[in-house]
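Grab a pencil and have the viewer open. Each exercise below gives you a task, followed by a solution worked through in steps.

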Amino acid sequence: MSRKPQLRGRAARLARLIPGAGGRNQAARTPFVLLVVLLLGGGLIGLLVLNSALSEGAFRLDDLQKETQSLTDEEQALQRDIDAYSAPDALQRRARELGMIPGGDPAFLDPDGTVKGVPSPAEGVVSDAYAPLVLAPEALPADPAAGPATIPTPAPLDAAALPTPAAPAAPAPTPTTNFGR
């Protein structure tokens, strides 16, 4: 029969701090182990959710970068088209297709009303039977198989048929009122 010796004083206090092989100490250890397991499991699940969110963000970023690249390519193609249409030779060609002719020498008005330069009419033949190459939508035929629509040519302007502006009427007299007198 072995008996444990009774400790006294300082040794007894130290013995209480050191866990022994008693059943009561085993029961106190179980909640701690459960807490540690739960914390580790929660941390792992949190890392998994965070990793999934980062992966989803990376895929979204990749999609946005591809969309940005395609929009940039489209913008550059449209800018090339604008540059081609706004080039001087292209503008001149399109103006000729529309029946325009180069203008003559311009005259300029100064702010004081004096005219600088001598204006000259445009050189070229202007036909009364002008039919534009580019038609307005309302001039297009409803049935494309019917052939081209006939475009009525405008009648030449007659200066005598134009209305003459009426002389401005005299201003109506403004009523005067005497406030307080």
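**Exercise 1. Work out what share of the contacts in the protein chain with a separation of 6 or more comes from residues 24 or more positions apart.**

Step 1. Keep in mind that you're looking at a predicted model.

Step 2. Take the contacts with a separation of 6 or more, and pick out those made by residues 24 or more positions apart: they account for 21%.

Step 3. Now set that beside the burial figure. Of the 181 residues in the protein chain, 1% count as buried, the cut-off being under 20% relative accessible area.

Step 4. Finish with the surface. The protein chain exposes about 17,100 Å², and 64% of that is supplied by carbon and sulfur atoms.

**Exercise 2. Write down the order of the elements from the N terminus on.**

Step 1. Count by type: the protein chain has three helices and two strands.

Step 2. Walk along from the N terminus, and you read α-α-α-β-β.

Step 3. Pin down two of the helices: α2 covers residues 23–85, and α3 covers residues 88–97.

**Exercise 3. Find which residues make the nonpolar surface patch of about 470 Å².**

Step 1. The patch is made by Phe32, Val33, Val36, Val37 and Leu40.

Step 2. Zoom in on one of them, Val36, which has its place in helix α2.

Step 3. Check its accessibility. Val36 sits at 34%, so it counts as partly exposed. Patch residues need over 30% relative accessible area, and the 34% of Val36 is what you compare with that cut-off.

**Exercise 4. Say which backbone oxygen lies 2.8 Å from a polar atom of the Thr68 side chain.**

Step 1. Locate Thr68 in helix α2.

Step 2. Look for the backbone partner: the oxygen belongs to Leu64.

Step 3. Ask how open the spot is. Thr68 has 48% relative accessibility, so it goes down as partly exposed.

**Exercise 5. List the salt bridges of the structure, and explain the spacing of the pairs that sit in helices.**

Step 1. Get the total: the structure holds three salt bridges.

Step 2. Start in helix α2. The side chains of Asp62 and Lys66 meet there, with 3.6 Å from N to O. Why does the spacing work out to about one helical turn? Because Asp62 and Lys66 are four residues apart in helix α2.

Step 3. Compare the accessibility of the two partners. Asp62 is partly exposed at 32%, while Lys66 counts as exposed at 55%.

Step 4. Move on to helix α3, where Arg93 and Glu97 pair up at 3.2 Å, N to O. These two are also four residues apart, so about one helical turn separates Arg93 from Glu97. Arg93 is partly exposed at 44%, and Glu97 is partly exposed at 34%.

Step 5. Add the pair Asp110 and Lys116, whose side chains meet at 3.8 Å, N to O. Asp110 has 25% relative accessibility and therefore counts as partly exposed.

Methods:
Residues numbered from 1 in each chain as written. Predicted model: local features only at pLDDT ≥ 70, side-chain atom pairs only at ≥ 80, totals over all residues. Heavy atoms only, no water. Buried < 20%, exposed > 50% of the residue type's maximum accessible area, 1.4 Å probe, protein only. Contact = heavy atoms within 4.5 Å. Areas by Shrake-Rupley, 256 points an atom, 1.4 Å probe, with all protein chains shown as cover. Patch = residues over 30% accessible without salt bridge, like charges linked within 9 Å, V, L, I, M, F, W, Y side chains within 5 Å. Salt bridge = Lys/Arg side-chain N within 4 Å of Asp/Glu carboxyl O. Polar contact = N/O pair within 3.5 Å; in protein donor to acceptor, adjacent residues only side chain to side chain.
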